[in-house]
Amino acid sequence: MDRAPGLSVRLKLTLSYAGFLMLAGVLLLAAVWLFLLRYVPDRAMLYNPDDMPTGGVFPIRSALLAVFAPRAAAVLAFLLVFGLVGGWILAGRMLAPLTRIADATRRATHGSLSHRIQLPGHKDEFRELADAFDAMLARLEAHVAEQRRFAANASHELRTPLAISKSLLDVARTDPHHDTAELIDRLHTVNTRAIDLTEALLLVSRAEQRSFTRQRVDLSLMAEEATETLLPLAEKHGVTLETSGEITATTGSQPLLLQLTTNLVHNAIVHNLPDGGTVWVHTDAHPGTVTLTVENTGERLTPALVSTLTEPFQRGTERIHTDHAGVGLGLAIVKTITHAHDGTLTLTPRPAGGLRITVELPTQNPRPDGV
């Protein structure tokens with residue numbers, strides 16, 4: 001945005017300091033005039049020296065003004081110079097933190113997010129601003145790094161089905177007598193995976209931008225709907241679904257929260273024991289928060305492995321070779337939706353094997369009219 005040139009803040013502060021100092025000097029001189037010089041007679045007075053115990057000469061107003069005015073003007077000139085020089089120095093010292101913050105801002109606009117201001121000194125308004133800016137830079141750096149990593153992984157994942165499709169089409173072109181039905185089936189599988197991945201990427205982008213309408217959502221109903229939808233898949237894998245809990249009202253996007261719950265239950269079914277596994281889905285209400293907990297049986301997991309499960313495109317080998325391989329964004333979508341609803345996501349390995357995932361969200365915001 002183009003702006004017309006103007007005075008610097010340092011010069012404005014300098015002029016303000018000098019102006020206030022000059023005003024204080026003028027007020028002081030005015031007080032001298034009002035409360036002292038105005039009571040001095042303006043004409044010479046004759047008196048008998050023998051009647052005055054102290055004797056001496058009684059000054060008149062004109063004589064005092066002749067002596068006082070030049071010296072008052074000199075004092076005002078000194079105050080002006082002192083105010084300008086002192087104000088310039090003080091303004092420079094006071095605005096030095098803003099200079100560091102402005103330099104850091106310019107570096108950030110050119111793409112450098114690794115630097116920090118780290119302003120020393122005790123807490124004040126400038127230090128609070130610098131600390132807030134450092135925190136913003138840290139979050140931006142982490143977000144940009146995550147986005148770059150996500151874009152690289154997404155490009156790699158999208159390149160794979162496109163490369164496979166190209167290879168299949170090349171085979172069909174060079175070998176006209178190739179089994180067409182098999183080729184169509186493989187192309188259908190590859191294209192379905194590419195479509196699922198694209199839809200998942202769009203869902204992640206939508207959740208990150210928080211471009212959704214918020215309304216009252218009951219997580220217990222989301223849990224029931226997700227378990228009913230995935231019941232055939234659970235029966236196919238020999239997994240038992242158990243749902244329990246109470247009404248857990250929160251505010252958010254119903255489609256996104258349903259997607260979150262469905263992803264958690266789907267993940268718990270697929271990553272389970274080969275036969276006879278169990279998935280527990282439980283909702284609970286607490287003061288100020290509601291929770292959705294999904295647990296499953298399965299292999300024992302290390303904390304180091306669990307900490308990576310919410311990263312995009314993290315898939316276990318046993319999942320890749322099944323008919324529900326997914327696109328590696330299930331828990332990444334859960335994490336994104338949770339953060340978009342100002343919640344927290346916690347993953348904990350179960351001692352007996354399997355995983356416990358807890359989503360904690362704020363309770364439903366009350367209406368302004370109190371209804």
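# A guided tour, starting at arginine 106

Select arginine 106 to begin: this residue is partly exposed, with a relative accessible area of 46%. The structure in the viewer is a predicted model. Add aspartate 103 to the selection, and a salt bridge appears between the two side chains, at 2.3 Å from N to O. Aspartate 103 is likewise classed as partly exposed, at 35% relative accessibility. Both residues belong to helix α2 (residues 61-109), where a spacing of 3 residues places them about one helical turn apart. The geometry of helices explains such pairs: an α-helix has 3.6 residues a turn, so residues three or four places apart point the same way.

**The whole chain**

Before going further, display the entire chain as a cartoon. It contains 10 helices and 7 strands. Of its 371 residues, 32% are buried. The accessible surface amounts to about 23400 Å², and carbon and sulfur atoms account for 61% of that area. Among contacts with a separation of 6 or more, 72% are between residues 24 or more positions apart.

**A patch on the surface**

Return to helix α2 and select valine 81, which lies in this helix. Valine 81 is one of the residues of a nonpolar surface patch of about 700 Å². To show the patch in full, add Leu7, Leu15, Leu80, Leu84, Val85, Trp88 and Ile89. Helix α2 supplies the largest share of the patch, with 6 residues.

**From the loop to helix α3**

Next, select arginine 116 and glutamate 141. Their side chains form a salt bridge whose closest N and O atoms are 2.8 Å apart. This pair connects distant parts of the chain, since arginine 116 sits in the loop between α2 and α3, glutamate 141 sits in helix α3 (residues 125-174), and 25 residues separate them. Are these two residues buried, exposed or partly exposed? Glutamate 141 is partly exposed at 31% relative accessible area, and arginine 116 is partly exposed at 27%.

**The largest core**

Now move to the interior. In soluble globular proteins, nonpolar side chains tend to be buried together. Here, the largest nonpolar core comprises 44 residues, and the members with the most contacts inside it are Leu264, Ile269, Val279, Leu292 and Val359. Helix α7 (residues 254-270) contributes the largest share of this core, 8 residues. A second, separate core holds 8 residues, among them Ala104, Leu113, Phe133 and Leu137.

Centre the view on valine 279. Which residues touch valine 279, apart from its neighbours within four places in sequence? They are Val239, Thr240, Leu241, Glu242, Ala268, Ile269, Asn272, Val294, Glu295 and Asn296.

**The strands around valine 279**

Select strand β2 (residues 239-245) together with strand β4 (residues 277-286): the two run parallel and are joined by 7 bridges. Valine 279, in β4, is the bridge partner of leucine 241. Then add strand β5, which pairs with β4 in the antiparallel sense over 8 bridges. Within this pairing, valine 281 faces valine 294 of β5. Between β4 and β5, the hairpin has 2 residues, and glycine 288 adopts a positive phi near 90 degrees there.

**A network of charges**

Stay with β5 and select glutamate 295 with arginine 356. The two side chains make a salt bridge of 3.2 Å, N to O. Here too distant parts of the chain are linked: glutamate 295 belongs to strand β5 (residues 289-296) and arginine 356 to strand β7 (residues 355-362), 61 residues apart. Add Arg350 to the selection, for salt bridges with shared partners join Glu295, Arg350 and Arg356 into one network. Glutamate 295 counts as buried, because its relative accessibility is 17% and the limit for buried is under 20%. Arginine 356, by contrast, is partly exposed at 28%. In total, the structure holds 5 salt bridges.

**Final stop: helix α10**

Finally, select helix α10 (residues 330-340). How many of its 11 residues are buried? The helix is mostly covered, with 9 of them buried. These are Gly330, Leu331, Ala332, Ile333, Val334, Thr336, Ile337, Thr338 and Ala340. Just after α10, the tour ends at aspartate 342, which takes a positive phi of about 60 degrees.

Definitions and conventions. Residues are numbered from 1 along each chain as its sequence is written. This is a predicted model: local features need pLDDT of at least 70, side-chain atom pairs count only at pLDDT 80 or more; totals for chains, interfaces and linings use all residues. Side-chain values use heavy atoms; hydrogens and water are left out. A nonpolar core is a set of buried Ala, Val, Leu, Ile, Met, Phe, Trp, Tyr and Cys residues joined through side-chain atoms within 4.5 Å. Buried means under 20% relative accessible area, exposed over 50%, partly exposed in between (1.4 Å probe, protein chains only). Helices (H or I, at least four residues) and strands (E, at least two) are DSSP runs, numbered from the N terminus. Contact means heavy atoms within 4.5 Å. A salt bridge is a side-chain nitrogen of Lys or Arg within 4 Å of a carboxyl oxygen of Asp or Glu. Patches are made of residues with over 30% relative accessible area and no salt bridge: like charges are joined within 9 Å, nonpolar side chains (Val, Leu, Ile, Met, Phe, Trp, Tyr) within 5 Å. Accessible areas come from the Shrake-Rupley method with a 1.4 Å probe; for residues, only the protein chains shown count as cover. Two strands pair if DSSP finds at least two bridges between them.
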